[in-house]
Amino acid sequence: MTTANSNTHAISVNPFNGERIADYAYDTDLALEAAVAQGFSAFKQWRKTDVNERAALLIRLAAALREASEDIARSISLEMGKPVKQARAEVEKSAGLCEWYAENGPAMLAPEPTLVDNGEAHIHYRPSGMILAIMPWNFPVWQILRGAVPALLAGNTFLLKPAPSVMGTTYRVKQAVLKAGFPAGAFGVINVGTPAVATLIADPRVVAVTVTGSVRAGAAIAELAGKQVKKCVLELGGSDPFIVLNDASLDEAVKAAVAGRYQNTGQVCAAAKRLIIEEGVVDTFTAKFVAATQALVVGNPLDDDTYIGPMARFDLRDELDQQVQDSLSEGATLLLGGEKIAGNGNFYAPTILGNVTPEMTAFRQELFGPVAAITVARDADHAVELANDSDFGLSATIFTADAERAKQMTAELETGGVFINGYSASDPRVAFGGVKKSGYGRELSHFGLREFCNVQTVWTDRK
C-alpha cells in the first residue's frame, strides 16, 4: 500500500506484514523540468538512430533483466504482494518481449509501397516524440515495458509516471535500461503527484499519453489530452466473461478458470471475473471449481509454494469486501471465502459467489481481487447476451468442444479479444486492448508498435 503523508512524499508499505519499505520524495519542479527537457532533447538524436541499433539495445535489455531477475522479482513481491514465482515469470516474459520486438519490429517499421495511378508512393512510420506513460502497480515490469519497448524501438522517448507503490521496482527497471546502453533521457522516470500530470499533458514537449488504470483515471486523463489535441491509448478496467458450454471439457475449463481468475491474486484487468456457465454443466463445474480454488496456497509471497498473496493495497481490499457483501445482500450465494483474513497482512480469502444475476454488484462492477462470480446461462445465445451486458469490453473466453460454433460466437462478443479454450493473456505477437469503457487503442504486435508513429505518406512524381 502507498499512502501520501504530505503533498511531497509517498510511503510504500509491504502488504504482507504492514511494514514500511521506503519513503519516496516527489520530484521537485526543477527535477521534473530536467526530466522533461532531457527526454525532449534525447528524442532529437534517438529518432535518427538506425532501427537495427535500437533493436540491438533491446537484446541487451533482455539480458540485463534476466541478470537482475531475482532482485526485481523480490522487489515486486515486497512492494505489491505478487507471489515470487509469478514475479519471476513476469520478468522473464518482459525479457521475451524485448527479444520479440528486436527480431520482428524493424520489419514492421519499414516503409511500405502502395499502389497509385501515377508516380510512386510509400507509407513511412516516423517517430512522434516524447510519450508520457501513466502506469499501474499490478504488473510493474511487464506493464511498463510493453508500452516502453515498442515506443523506444519506433524512435520515441518514454517518460514514465509509475504507481508510487512500486517505485523501487521501477527504478530497478530503469537501471536495466541504462545498463543495456539506452541514452540518457530515452527512458525517463518521474515521481510526482496527480496535479503534475495535467501540467505534463499540457507541455508541448509531450506529444501523446498512454494510460493503464481505472476508468475514472483514464477518463480524466483523456479529457486533459483531448483539450490539448493529443493522442491517448487507454487500457482500463475489465469484467471479462468466461463462458463454459455444455460440451466443454470441464477439467480443462476449471483449470483455466482458476488460473484466469486468481493469478496475481485476481488483480488483473483481463482476469476471468464473470464465469458464465451453461445450465447443463453448472453444478458439476461449480463443484470442481470450488474444490480447485480451495486447494490454492495463500501465504507469504516470497514462498515458492504460494499462489495467492496479499492484495496490493488495503483500501482496495476494503472496497472488494464491500462489493462481496453488497452482492450477498442482493441475493448471491456464498460458495467459498467472502471475508478478510485476520492478521497484519492484506489478505482476502479466495472467494466464489454463486447464483449471480445481472442486476447484482458482482456482475455490474469490476471485482479487482480474488473473487469469482458464477452466472447461469440457458444456452450459448444467452451466454453471449450475458457476456455483452457490461460496460466493459476487454476480453472474453469460450470453452466448448465445437470450435466452429465458438468462432461464430466471437463475432457477437463485444470485446477486444476472444480466447477459445484458453484464458485471456497478453502476448507480444497479438494486439491487446478493449472497447467500451475498457478503453481504446492497442498495445503489442505491430498495432502497438505503430500507435505512436506518424504514419506519413510520401508520394513522388504525382502528375
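This tour proceeds from model confidence to a sheet, its packed helices and two buried residues.

**Confidence**

Begin by colouring the whole chain by pLDDT, since the model is predicted. The protein averages a pLDDT of 96, and 98% of the residues score at least 70. Next select residues 1-6, where the pLDDT is below 50. In the model this stretch has 18 contacts beyond near neighbours in sequence. Where pLDDT is low, the predicted coordinates should not be read in detail.

**The seven-stranded sheet**

Display the strands from β11 to β18 that belong to the open sheet; its order is β13-β14-β15-β12-β11-β17-β18. The sheet has seven strands, and their pairing is mixed. To find its edges, select β13 (333-336) and β18 (417-420), each of which pairs on one side only. Neighbouring strands are turned against each other by 25° on average, direction ignored.

Now isolate β14 (residues 351-354) together with β15 (residues 371-377). These two strands pair in the parallel sense, over three bridges. One position to pick out is Thr 351, whose bridge partner in β15 is Val 371.

**Helices on the sheet**

Add helix α9, residues 250-262. This helix lies across β11 (240-244), β12 (272-278), β14, β15 and β17 (395-399), and it runs at about 170° to β11.

Then add helix α14, residues 403-410, which also packs on the sheet. Helix α14 touches β11, β17 and β18; its direction makes about 170° with that of β18.

**Asp 321**

Move to helix α11 (residues 314-329) and select Asp 321 within it. Which side chain of opposite charge is nearest to this buried residue? It is that of Lys 340, 4.7 Å away. Because a salt bridge requires the side-chain nitrogen to be within 4 Å of a carboxyl oxygen, Asp 321 has none, although it is buried. Show its surroundings as well: leaving out residues up to four places away in sequence, Asp 321 touches Gly 338, Glu 339, Lys 340 and Tyr 348.

**Ala 222**

Finally, centre the view on Ala 222 in helix α8 (residues 215-227). Is Ala 222 buried or exposed? Ala 222 counts as buried because its relative accessibility is 19%, and the cut-off for buried is under 20%. Apart from neighbours within four places in sequence, Ala 222 is in contact with Cys 232, Leu 234 and Tyr 440. For a distance label, pick the C-alpha atoms of Ala 222 and Val 233: they are 8.7 Å apart in space, with the two residues 11 apart in sequence.

Notes. Residues numbered from 1 in each chain as written. Predicted model: local features only at pLDDT ≥ 70, side-chain atom pairs only at ≥ 80, totals over all residues. Heavy atoms only, no water. Pairing = 2+ DSSP bridges. Helix = DSSP H or I, 4+ residues; strand = E, 2+ residues; numbered from the N terminus. Axes fitted to C-alpha atoms, helices over the stretch in contact; angles between N-to-C directions. Contact = heavy atoms within 4.5 Å. pLDDT = per-residue confidence, 0-100. Buried < 20%, exposed > 50% of the residue type's maximum accessible area, 1.4 Å probe, protein only. Lys, Arg positive; Asp, Glu negative; His and termini not counted.
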